[in-house]
Amino acid sequence: MNHIFDWVFSQYEGVSTHIVVLESISVFFALLSVWFSKRENILVYPTGIIATAIAVYILLIYGLLGDMMINAYYFVMSIYGWYIWTRKVDATHFIPITQMDSIDRKWGVLLFIATIVLVVFVYSIFERFDSWTAYVDTFTTAIFFVGMWLMAKKKLENWIFWIVGDLISVPLYLYKGLVFSSFQYLLFTIIAIYGYQAWKKNLNKSPQNLLR
């Protein structure tokens, strides 16, 4: 067990203490956000905003521009999602969980392609295509952009995108030395699987309470 702890903390040699502390806080609030999302709880958004604001700062330092853009986008989409989730279909019911239709699929494809183009442009401008991680980061960015958009619209399929992106991010962050974040994505994967199952049970049901 000691060897595991030694290995984990050895990844942070030379890293400023405040970065380690901030990463831990970001991970904590990000996990809370995913948990609240699974429960269809509106607190998914304030906790997510805190986590993403911190993550943008950390990822900028580490040069993961794609993931930094993801979190900046999450920040904006959290505000949008907060608004969408609190809209009511009648006097006592909020909008329900639904599945993607043909229009959602078309917009999803366009968003995926547009994100790829945008991230490639940013990486090229800053000459960051110097590692295989940059190409993986580009792909996961597009996956997460679509996933966050679908979550804000309360579409069941958002969990599929989270699961795929999370599974790819686990080894990516581990390789980068962000051990806590890698572990975070592993937990995200597990929660996302349960989240998909929970949302599927509540498909097309309009909730009366968003704090549960």
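This is a guided tour of one structure, with a selection to make at each stop.

The model is predicted, and local features are given where pLDDT is at least 70, side-chain atom pairs where it is 80 or more, while totals for chains, interfaces and linings use all residues. Residues are numbered from 1 along each chain as its sequence is written, and side-chain values use heavy atoms, with hydrogens and water left out.

**Stop 1: E40 and K154**

Select E40, in the loop between α2 (17-38) and α3 (44-62). Helices here are DSSP runs of H or I with at least four residues, strands are runs of E with at least two, and both are numbered from the N terminus. Then add K154, which sits in the loop between α6 and α7.

What joins these two residues? E40 and K154 form a salt bridge, with the closest N and O atoms 2.6 Å apart. A salt bridge is a side-chain nitrogen of Lys or Arg within 4 Å of a carboxyl oxygen of Asp or Glu. The pair links distant parts of the chain, 114 residues apart.

Are E40 and K154 buried or exposed? Both are buried. The relative accessible area is 1% for E40 and 0% for K154. Buried means under 20% relative accessible area, exposed means over 50%, and partly exposed is in between (1.4 Å probe, protein chains only).

Now look at the backbone of the two residues. Phi is near 60 degrees for E40 and near 55 degrees for K154. Both values are positive, in residues other than glycine. Most residues other than glycine have a negative phi.

**Stop 2: D104 and its partners**

How many salt bridges are there by this rule? The count comes to three. To see more of them, select D104, K153 and K155, which are linked in a network of salt bridges.

Start with K153 and D104, whose side chains meet at 4.0 Å, N to O. K153 lies in the loop between α6 and α7 and D104 in helix α5, so this pair ties together parts that are 49 residues apart in sequence. K153 is partly exposed at 25% relative accessibility, whereas D104 is buried at 5%.

Next, look from D104 to K155, where the salt bridge is 3.2 Å, N to O. K155 is also placed in the loop between α6 and α7, and it is 51 residues from D104 along the chain. At 10% relative accessibility, K155 counts as buried.

**Stop 3: aromatic rings**

The whole structure holds 12 aromatic pairs. Rings of Phe, Tyr and Trp (its six-membered ring) pair if their centres lie within 6.5 Å; planes under 30 degrees apart count as stacked, over 60 as edge-to-face and the rest as tilted.

Select F28 and F29 for an edge-to-face pair, 5.4 Å centre to centre, with 80 degrees between the planes. F28 is partly exposed at 48% relative accessibility, and F29 is partly exposed at 22%.

Then select Y73 and F145. How are their planes arranged? The ring centres of Y73 and F145 are 3.9 Å apart and the planes are at 10 degrees, so the pair is stacked. Y73 belongs to helix α4 (residues 65-85) and F145 to helix α6 (residues 132-152), so the pair ties together parts 72 residues apart in sequence. Y73 and F145 are both buried.

For a cluster linked by ring pairs, select Y74, F144, W162, Y173, Y185 and F188.

**Stop 4: S169**

Keep F144 and Y185 in view and add S169, in helix α7 (residues 158-176). Leaving aside neighbours within four places in sequence, S169 is in contact (heavy atoms within 4.5 Å) with T140, F144 and Y185. The side chain of S169 also reaches the backbone oxygen of G165 at 2.9 Å. S169 is buried, with a relative accessible area of 0%.

**Stop 5: helix α5 and the surface**

Select V109, a residue of helix α5. V109 is partly exposed, with a relative accessible area of 48%. Add S24 and draw a distance between the C-alpha atoms: V109 and S24 are separated by 34 Å, and are 85 residues apart along the chain.

Finish at F121, in helix α5 (residues 102-125). With L118, I125 and F126, F121 makes a nonpolar surface patch of about 430 Å². Patches are made of residues with over 30% relative accessible area and no salt bridge: like charges are joined within 9 Å, nonpolar side chains (Val, Leu, Ile, Met, Phe, Trp, Tyr) within 5 Å. Accessible areas come from the Shrake-Rupley method with a 1.4 Å probe, and for residues only the protein chains shown count as cover.

Definitions and conventions: Polar contact = N/O pair within 3.5 Å; in protein donor to acceptor, adjacent residues only side chain to side chain.
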